[in-house]
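Let's go through this one by asking how each label is earned. Have a look first, and then we can start.

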Amino acid sequence: MLIIGVAVYFISSSALYNVIEVLVDQRVNSKLHDVDMNIERISHKALVASALVAALPQVRDAYATVAAGDEEGARKQLAAFMKSIKTDVEKVTGIKKFRVHFHLPPAKSFLRIWNGTGGDDLSSFRDTVLRINRDGKPLLGIEIGRGGFVLRGLSPVFDAAGKQVGSVETLMPMAQVVNKSKTREEEEFAVLMHKSQLNVAKRFAKTTPKSIGEFLLTSATKGMPVEDIAPDSLKESMRGDLNFPFDDHHLTYHPIKDFSGKVVGVLVYRVDLNVVSSIRSSLVWKLGGPILLLMLVSMVIYWLVTKRVVGRIKSIADGIGGITGGNLTERLEIPARSDELDDISRGFNAMVDSLADILRGVSLQTDSVSAAVRQLNEVRGVLSEDAGGIRQQARDTMESVKRQSEGISRMESAAQSASSSMQQINEQANALANAMGDVAHEAADVSGNVNTVAAATEQMSANVASVRQNLEQISGSITQVDSAVGSMGQSLSEIDQQTQSAREESRQADELTKSAQNAIKELASATQEIDKVVDDQRHR
């Protein structure tokens with residue numbers, strides 16, 4: 001709260017300083033505008049005065065006398081008349097020196113009413129006189145004369161026929177602009193002319209004015225510290241306004257333009273900021289006092305509120321700590337008054353009651369799960385034993401299949417032996433066929449040779465005996481083959497039955513093995529789920 005108060009104070013002070021700076025800038029800009037408007041207003045008043053003087057019959061009569069050829073008489077005549085006018089104007093308006101200057105075309109002085117002189121040529125330095133007598137149009141503004149800055153209002157003078165016969169101007173001093181613009185004690189002004197204008201302001205140069213760089217001080221208010229005016233700033237301000245804010249004052253340089261818009265000098269405006277600073281300090285203290293009081297009140301309120309709130313929050317924290325330690329009998333005390341913390345306390349107590357009920361249910365579920373785990377462990381032991389028996393039966397089956405494979409190998413050897421015997425029988429049959437051919441051949445020989453029948457008969461008998469012997473051998477071989485084939489068929493049948501039986505047992509063993517593996521996987525998954533539930537319950 002203290003930090004916030006200090007921050008608010010500094011932010012407010014900074015904002016106040018910024019506002020005051022903006023107000024000072026606006027005041028300076030407004031004052032410079034007033035200076036320009038005062039130059040225009042005073043010049044316009046001079047023009048009005050010149051127009052009124054130009055319309056006087058006595059002025060027309062004087063110019064008619066000049067046209068008649070008596071310039072000096074006309075000057076004396078007009079000077080006598082304007083003397084009374086000058087006195088009356090100065091008495092009524094308070095102007096110390098009411099100055100009116102009459103001209104003859106194209107740029108000749110006719111009469112200066114403040115000293116009665118005239119007749120001198122003005123064409124070398126009075127552009128306004130040349131212009132008004134050439135164009136016949138009124139002119140107003142600043143034009144530097146022999147004495148320096150002068151505000152002028154020029155009006156043409158016409159005769160009774162409406163023909164321009166000359167001009168008249170009313171002159172106002174630049175000091176009148178300064179005096180008109182100075183409306184506060186803290187304001188000071190200074191008017192400076194550039195040295196390039198000394199070829200015109202010759203009388204002013206004789207007064208030995210104060211020189212500041214390339215400028216000469218023509219006038220200044222009494223309290224203006226001219227030593228604060230910087231020559232470089234004067235030179236630079238010929239191109240536009242310059243503002244220099246200081247701790248205790250504000251300095252502004254403003255260019256002065258003549259009737260044609262040419263910059264011929266500089267006006268320096270200085271405003272003392274001590275009053276503004278005192279007002280600013282007063283406002284800062286006035287702002288800081290309430291802020292300080294508000295800070296103190298806020299701190300007291302904050303202390304009282306936090307004392308109550310922090311105490312309640314500490315009580316709630318202690319209750320939460322007790323529950324964290326496993327004490328579900330802890331309950332928060334709820335005061336008679338009702339606020340947000342009381343609502344939190346009620347919610348906390350309801351939460352503890354609900355948590356106690358949940359933990360009781362969890363305890364019961366944990367007991368049930370523990371019993372289920374024990375049963376699953378027993379089932380897992382039984383299944384493990386069954387799986388061991390199945391594995392042993394599978395090993396026995398594989399051993400039986402191995403033995404049957406060895407029997408099949410032996411039968412293949414017997415079959416090969418039988419094939420060899422059949423080959424021998426085939427060879428003996430071929431021999432028998434050859435023998436039978438020989439018998440037929442000999443029988444044919446018998447029919448052709450009766451004389452050798454006996455010999456042939458004996459020979460045939462021998463051959464028949466040989467054939468009989470071969471037939472007996474063949475018959476024995478066939479008997480052996482039949483016996484071997486029958487034995488082989490019986491052995492193949494037994495082997496086939498044993499093979500089918502072995503395949504069936506192997507298939508059953510595989511199914512039992514797969515069932516056991518699935519049961520073991522399900523048991524392991526169920527065990528993991530049970531362990532996870534038990535861990536969750538313990539964590540809660």
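Q: What makes the 6 strands one open sheet, and in which order do they come?
A: The order is E7-E8-E6-E11-E10-E9, with antiparallel pairing. Two strands pair if DSSP finds at least two bridges between them. Strands (E, at least two residues) and helices (H or I, at least four) are DSSP runs, numbered from the N terminus.

Q: Why do strand E7 (211-212) and strand E9 (242-245) stand at the edges?
A: Each has a single partner strand, so one side of each is left without a neighbour in the sheet.

Q: How do you know what you are looking at, and how are residues counted?
A: This is a predicted model, in which local features need pLDDT of at least 70 and side-chain atom pairs count only at pLDDT 80 or more, while totals for chains, interfaces and linings use all residues. Residues are numbered from 1 along each chain as its sequence is written, and side-chain values use heavy atoms, with hydrogens and water left out.

Q: How do you know that strand E6 (residues 187-194) and strand E8 (residues 215-220) pair?
A: They run antiparallel and are joined by 5 bridges, set against a requirement of at least two. His-194 has Phe-215 in E8 as its bridge partner.

Q: Which strands does helix H5 (residues 174-181) lie across, and at what angle to E6?
A: H5 lies across E6 and strand E10 (249-257), running at about 155° to E6. Such angles run from 0 to 180 degrees between N-to-C directions, with axes fitted to C-alpha atoms, for helices over the stretch in contact; contact means heavy atoms within 4.5 Å.

Q: What is the order of the open sheet that 5 strands form?
A: It is E2-E1-E5-E4-E3, with antiparallel pairing. Strand E2 (108-112) and strand E3 (139-142) are its edge strands, each pairing on one side only.

Q: How many bridges support the pairing of strand E4 (residues 150-158) with strand E5 (residues 164-173)?
A: There are 9, in the antiparallel sense, and Arg-152 stands opposite Leu-171 in E5.

Q: Why is Val-305 called partly exposed?
A: Its relative accessibility is 46%, so Val-305 counts as partly exposed. Buried means under 20% relative accessible area and exposed over 50%, with partly exposed in between (1.4 Å probe, protein chains only). Val-305 is found in helix H8 (residues 274-324).

Q: Is Asp-342 buried or exposed?
A: Asp-342 is buried, because its relative accessible area is 0%. This residue lies in helix H9 (residues 340-448), and its C-alpha atom is separated by 8.9 Å from that of Arg-312, 30 residues apart along the chain.
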